[in-house]
Amino acid sequence: MIAAANWKMHKTLREAAAWVEEVASSVPKGVTAIVFPPHTAIHAVREAVGSRPLQVGGQNVFYEEAGAFTGEISPGMLKDLGCTHVLVGHSERRETFGETDRDVAAKLRAVLATELTPVLCVGDSLEDFERGDSSGAIRRQLGVAVKGLTGDQMLRLVIAYEPVWAIGTGRAATAIEAMSASKILRDGLLHLYGAEVAETIPLLYGGSVTPENVRGYLGLAGMDGVLVGSASLDARTFVSLMQEAAREEATAP
Ligand code: PGA
């Protein structure tokens with residue numbers, strides 16, 4: 001199972017290195033740990049990790065490889081820094097920075113042109129949720145993002161379901177809500193790409209995940225891991241979250 005830490009716009013180099021020292025040697029068996037530092041700390045985090053089992057990813061990327069794009073960085077640059085993963089279409093990129101579904105689709109293609117693993121983020125807004133249209137929003141975002149990708153490309157994706165109303169709000173989705181989203185995503189993938197893709201792509205849940213609620217998203221809810229913001233900032237909290245997740249994995253039927 002995957003435990004991913006999205007630091008967002010947090011941590012100086014010194015804070016980043018201290019976190020790595022506590023976390024990189026404490027990744028439990030059965031957990032794939034990935035940290036998404038701000039771009040400024042990726043190199044330092046990668047160096048501090050050394051050969052320990054903690055992968056490093058970018059929080060965002062642009063869809064061109066090089067050129068006059070002030071302030072942007074390319075998939076190749078992330079690869080060069082030693083990243084293995086990159087978040088694509090996080091709701092904060094969509095909402096605060098105006099990323100459209102088409103931008104997300106372009107980024108996904110650019111990332112797939114490198115060896116990086118894209119973590120495609122989709123999720124319903126509070127408005128979608130209150131209107132009872134969560135499934136429509138999830139299906140639309142998924143459909144536009146993956147349109148035209150081959151089955152082989154799809155098999156390289158990780159998809160994170162992050163309801164916008166649950167991100168940073170403390171109002172986490174219930175295990176039942178997460179289960180329903182995993183079913184919507186897997187049904188959508190089955191319809192578009194068939195059984196192998198639908199069953200193989202790892203699905204993550206994100207939105208106010210804590211050590212206390214993490215186990216509910218694994219097991220029955222049909223998620224293969226979690227994407228964690230706030231509760232990933234403190235190293236000890238993140239380690240205990242990983243330990244809880246590993247316990248759930250160990251007791252899974
Ligand atoms: P949160 O953020 O855990 O603070 O809700 C999750 C995310 O945005 O990836």
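# Surface, fold and nonpolar cores

Q: What share of the exposed area of the protein chain do carbon and sulfur atoms supply?
A: The protein chain exposes about 11,500 Å², an area from the Shrake-Rupley method with a 1.4 Å probe, where for residues only the protein chains shown count as cover. This is a predicted model, in which local features need pLDDT of at least 70 and side-chain atom pairs count only at pLDDT 80 or more, whereas totals for chains, interfaces and linings use all residues. Residues are numbered from 1 along each chain as its sequence is written, and side-chain values use heavy atoms, without hydrogens and water. Of the exposed area, carbon and sulfur atoms supply 54%.

Q: Which radius of gyration does the protein chain have, and why does it agree with a compact globule?
A: The radius is taken over C-alpha atoms, and the globule rule is 2.2 Å times the number of residues to the power 0.38. Because a compact globule of 253 residues would have a radius near 18 Å, the value for the protein chain agrees, at 17 Å.

Q: How many helices and strands does the protein chain have?
A: Both are DSSP runs numbered from the N terminus: helices are H or I with at least four residues, strands E with at least two. By this assignment, the protein chain has 12 helices and eight strands.

Q: Which residues have the most contacts inside the largest nonpolar core?
A: A nonpolar core is a set of buried Ala, Val, Leu, Ile, Met, Phe, Trp, Tyr and Cys residues joined through side-chain atoms within 4.5 Å. Buried means under 20% relative accessible area, exposed over 50% and partly exposed in between (1.4 Å probe, protein chains only). The largest core has 70 residues, and those with the most contacts inside it are Trp 19 and Tyr 205.

Q: Which helix gives the most to this largest core?
A: The core in question has 70 residues. Seven of its residues come from the element that gives the most, spanning residues 235-251, namely helix 12.

Q: Is Ser 208 buried or exposed?
A: Ser 208 lies in the loop between strand 7 (203-206) and helix 11 (214-217). Although not a glycine, Ser 208 has a positive phi of about 55 degrees. Its relative accessible area is 18%, so Ser 208 is classed as buried.

Q: What is the relative accessible area of Lys 11?
A: Lys 11 is placed in the loop between strand 1 (2-6) and helix 1 (13-23). Its phi is positive, near 90 degrees, in a residue other than glycine. Lys 11 is partly exposed, with a relative accessible area of 21%.
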